[in-house]
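The exercises below are meant to be worked with the sequence and the coordinates open side by side. Try each task before reading the solution that follows.

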Amino acid sequence: MNKDLIYVIEQIGREKGIGKEVLFEAVESALLSASKKTMGLADNVRMELDRRTGVLRVYARKKVVEIVSDRKLEIGLEDARKLNREAELDDELEMELPPQEFGRIAAQTAKQVILQRVRDAERDAIYSEFVDKEGKIARGIVHRVEKRNVIVEIGKAEAVLMEREQIPGERYGPGDRIRAYVVEVKKGIKGPQIMLSRTHPGLLVRLFESEIPEIAEGIVQVKEAAREAGERAKVAVASTKRDVDPIGACVGLRGTRIQVISRELRGEKIDIVEWSADPATFVARALSPAKVSSVTLGEPETEGGQRSVLVIVPDSQLSLAIGKRGQNARLAAKLTGLRVDIKSESEVEEERRQEEEERIQGSEVLAQFPGVGPQLLDKLVEAGLFSPARIVRAGVESLLGLPNVGEKKAASLFEAAQAWVTEYAAAQAALETTAAALETTAAALETTAEPMDPESAAPDGESPGGDEAVDDPVPRASAE
């Protein structure tokens, strides 16, 4: 070992981006492993490579005993005190061993260990470099395409852009430059696995940060983003200063800023809305360009579940609010994190009319139930249980929640409602069956009926074109 080894280690460290100390430890570990396999060294031996001179020293740690049974692991008390006057029994002393020559097999073993440790260190260095790039944009060059998955060279590493993470319609070839969002970096057997995406909403957010100075400076903030890659996206922005218009800052003069981002995303249409802390206001803005009449927030069905919201729009705005194949409504739901239900004003009015009819008819039916007086009927109506069908859907537990309604009363009322619903359903089924039978009979009669020939309908000796035909232009069949 000499200074040439130090030079080689330093050169490898620079080329591979690996720390010198990691390489020194790799060499020490490799030489020690080779020595144990070929020379039978015990586990109490360690090797140390001088970082300045390249000199290799071998040390062995031995236990001080009175009677030595294994010279590789133990040392007598007398010999130990020659090395250290204060040595006592059961102490452990580290002593330097004479250097040993390495044979061909040992050298080959050391070489394999060093190469493996260098590869591992290189992978760790690449992983450490890219793990901090999760959630950021990476630039690379397409190396190859395998089964529609794009392999991208990013510095010393290779990243994968899966087919499902590509914008529909985009095509890539070797040598193409690409910008993508780093979704995940994880360790693998063959090195770090870097997963890219061109469809992730984070790519849109990072493009806004890179193309719009106000966002990079923190004056304008991107609060939320939702995408249907290659088609349309919605971005919610807010300003930290009152005199800065967040939407105008993102759009730019004559739309120059937003056009750059749109071109990067293959012409994706981007709607920019102003974020609001009020959910109702935010939902109304998220559905733009549609105009909203009212927004009603609902409670989540389960604890910690997603909240729902009912949005009412003018009839003329319904198709615009829903969007092509429901796209506008879906993006608004993703942007706000709410389940959005959109209805037109006429739909809501029709539902109210039907509910009022159900309330009137249901109250009349409930009033005929045994034990249901005016007071109980009013309580049922107030609780929204104004028809037998609603009582059955709500269950007997809802009746027990009413004041002054015991278990017996609730059970009898629920049974009466069930009986009425069953009877009503049977009657409806019978009506539908009868109606279907009548329709079938009418169709059969129309099929078997023969059309009347106008010429055969005229009396003997008179032609259809006579005076009577002129007076009566509609042919008539004579009754015999």
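**Exercise 1. Which residues are buried in α11?**

Solution. The model is a predicted one, and the cut-off to apply to each residue is a relative accessible area under 20%. Going along the helix, the residues that count as buried are Gln 327, Asn 328, Ala 329, Leu 331, Ala 332, Leu 335 and Thr 336. Seven of the ten residues of α11, which spans residues 327-336, are therefore buried, so the helix is largely enclosed by the rest of the structure. The next step is to ask what does the enclosing: the buried residues of α11 pack against the strands β10 (220-228), β11 (232-239), β12 (269-274) and β15 (339-344), and also against the helices α9 (279-286) and α10 (318-322). Finally, follow the backbone just past the end of α11, where Gly 337 takes a positive phi of about 75°.

**Exercise 2. Determine in what order the strands of the barrel follow one another, and place α5 relative to them.**

Solution. Begin with the pairing, which is mixed and closes five strands into a barrel in the order β5-β6-β7-β9-β8. From one strand to the next, the twist averages 50°. Then take one pair in detail: β7 (residues 157-161) and β9 (residues 193-197) run in the parallel sense and are joined over three bridges, with Leu 161 standing opposite Leu 196 in β9. Helix α5 (residues 201-211) packs on this sheet, where it touches β5 (137-146), β8 (177-186) and β9, and its direction makes about 125° with that of β8.

**Exercise 3. Is Arg 198 buried or exposed, and which backbone oxygens does its side chain reach?**

Solution. Locate the residue: Arg 198 lies in the loop between β9 and α5. Its relative accessibility is 4%, and because buried means under 20%, Arg 198 counts as buried. Turning to its polar partners, the side chain reaches the backbone oxygen of Arg 179 at 2.8 Å and that of Glu 264 at 2.9 Å. The surroundings can then be filled in from the contacts of Arg 198 beyond four places in sequence, which include Leu 161, Ile 167, Tyr 172, Ile 178, Leu 203 and Arg 227. Leu 161, one of these contacts, is also the residue that stands opposite Leu 196 in β9.

**Exercise 4. How many helices and strands does the chain have, and what share of its residues is buried?**

Solution. Counting along the chain gives 17 helices and 15 strands. Of its 480 residues, 34% count as buried.

Methods. Residues are numbered from 1 along each chain as its sequence is written. This is a predicted model: local features need pLDDT of at least 70, side-chain atom pairs count only at pLDDT 80 or more; totals for chains, interfaces and linings use all residues. Side-chain values use heavy atoms; hydrogens and water are left out. Buried means under 20% relative accessible area, exposed over 50%, partly exposed in between (1.4 Å probe, protein chains only). Helices (H or I, at least four residues) and strands (E, at least two) are DSSP runs, numbered from the N terminus. Contact means heavy atoms within 4.5 Å. Two strands pair if DSSP finds at least two bridges between them. Axes are lines fitted to C-alpha atoms, for helices over the stretch in contact, and angles run from 0 to 180 degrees between N-to-C directions. A polar contact is a pair of N or O atoms within 3.5 Å; within protein, one must be able to donate a hydrogen and the other to accept it, and residues adjacent in sequence count only if both atoms are side-chain atoms.
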